[in-house]
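Here are my notes from going through this one, jotted down as numbered points. Have the structure open while you read.

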Amino acid sequence: MRFSQRHLLGLEELDREEILFLLDTAASFREISEREIKKVPALRGKTVVAAFFEPSTRTRISFEIAAKRLSADFVSLSGTVSSAAKGETLLDTARNLAAMQPDVLVLRHPSAGTPHLLAKHLQCAVVNAGDGCHEHPTQALLDLLTIRERKGRFEGLVVAIVGDILHSRVARSNLFALRTLGAEVRLAGPRTLLPSECAPWAFTTPHLEEAVQGADVVMLLRLQRERQVGNFFPSLEEYSRYYCLEEGHLKLAKPDVMVMHPGPLNRGIEISSAVADGPYSVILDQVANGVAVRMAVLYLLGTGGRRVEAVPTKTQMTAIQRSGRRATR
Ligand code: CP
């Protein structure tokens, strides 16, 4: 199978086979990060531009590491130092970047739909690294990879997503993909932060305990205060009293429950330190899988969806290097 999408804009538009293909490709790339020499020539001669108009630690750095492990050239633009600050429109900025012939543009932007707009106007592949409250597809893919590594399946799993669902692009991407893959999703949070449009897709509840009961996976979300316009709950103290996941809550879940969080964590608000650093937490495994997922996405979009049968062996790497040398002669 090939990955036929030209861009990765969201998981809502991907079918089961495409999502599983992305996960299989990412799984095959994981081993490269465990080698002493963490580099393969798969994207040699390709250029990845990352334009981030919002803060990021995990996503930006893991895209850079992923690109460099595949031998691509990686160039990064931050919104605070770009000419957007001088009044240039996003489309003009993107057209100027595209004029420099990148192969892949990775975009994080506070406005929903901006990667879709750029994808219509640019020749290069566009990857959505988070667009407002809409989607964060590579985050959900790394979450899915982490779940599949531990549970071996998606069908029948109960996944509780707890917190500020209304403003969460991570919740949306996970909801679309988990439903496509056959998992049951429960959404929990204050009623003001539970969008009614999710009701056909997931069981929704204002009670943390109800969502966690019998869950295989509990995924916590931080309050996205940078996106909240208005007062959605009386105070942080009140929020944490009802929605901060403590060790005691985990007794309600399955004995092998996984606790996930996309980061950044707000300790003591949505997750206690005992849970974040405890035996059920897979938060740092998620981060490690972020590199593999982003390698897979850059590889598939940068090479037009070529099938990766397995991580290139030393012999295959030599063959790739030779073909690369022939191509550049
Ligand atoms: N999960 C996530 O997107 O983290 P960053 O904002 O640090 O990239």
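1. Start with the ligand's backbone contact: one of the ligand's nitrogen atoms sits 3.3 Å from a polar backbone atom of Gly263. Keep in mind that this is a predicted model.

2. How much of the ligand's accessible area does the protein cover? On its own the ligand has 250 Å² of accessible area, and the protein covers 91% of that.

3. Side chains take part in polar contacts as well. Gln139 has a side-chain N or O atom 3.0 Å from a nitrogen atom of the ligand. For Thr59, a polar side-chain atom is 2.6 Å from a ligand oxygen atom.

4. Now the full set of neighbours. Around the ligand you'll find Ser56, Thr57, Arg58 and Thr59, along with Arg108, His136, Gln139, Pro262 and Gly263. Sorted by class, that shell comes to 6 polar, 2 charged and 1 nonpolar residues.

5. As for the site itself, the ligand takes up the space of the largest pocket.

6. It's worth colouring the model by domain. The domain assignment splits the protein into domain 1 (16-136 + 288-324) and domain 2 (137-285). Which of them supplies the ligand's shell? Both do: domain 1 and domain 2 each give at least three residues to it.

7. Last, how the two domains sit relative to each other. Their C-alpha centres are 26 Å apart, and 30 residues of domain 1 are in contact with 30 residues of domain 2.

Notes. Residues are numbered from 1 along each chain as its sequence is written. This is a predicted model: local features need pLDDT of at least 70, side-chain atom pairs count only at pLDDT 80 or more; totals for chains, interfaces and linings use all residues. Side-chain values use heavy atoms; hydrogens and water are left out. A residue is near a molecule or strand if one of its heavy atoms lies within 4 Å of it. A polar contact is a pair of N or O atoms within 3.5 Å; within protein, one must be able to donate a hydrogen and the other to accept it, and residues adjacent in sequence count only if both atoms are side-chain atoms. Accessible areas come from the Shrake-Rupley method with a 1.4 Å probe; for residues, only the protein chains shown count as cover. On a 1 Å grid over the protein atoms alone, a cavity is a set of points where a 1.4 Å probe fits but cannot get out, and a pocket is an open set with protein on both sides within 12 Å along at least five of seven lines; lining residues have an atom within 4 Å of a point. A molecule sits in a cavity or pocket if more than half of its atoms lie within 2 Å of its grid points. Ala, Val, Leu, Ile, Met, Phe, Trp, Tyr, Cys and Pro count as nonpolar, Asp, Glu, Lys and Arg as charged, and the others, Gly among them, as polar. Domain bounds come from an automatic or database domain assignment. Contact means heavy atoms within 4.5 Å.
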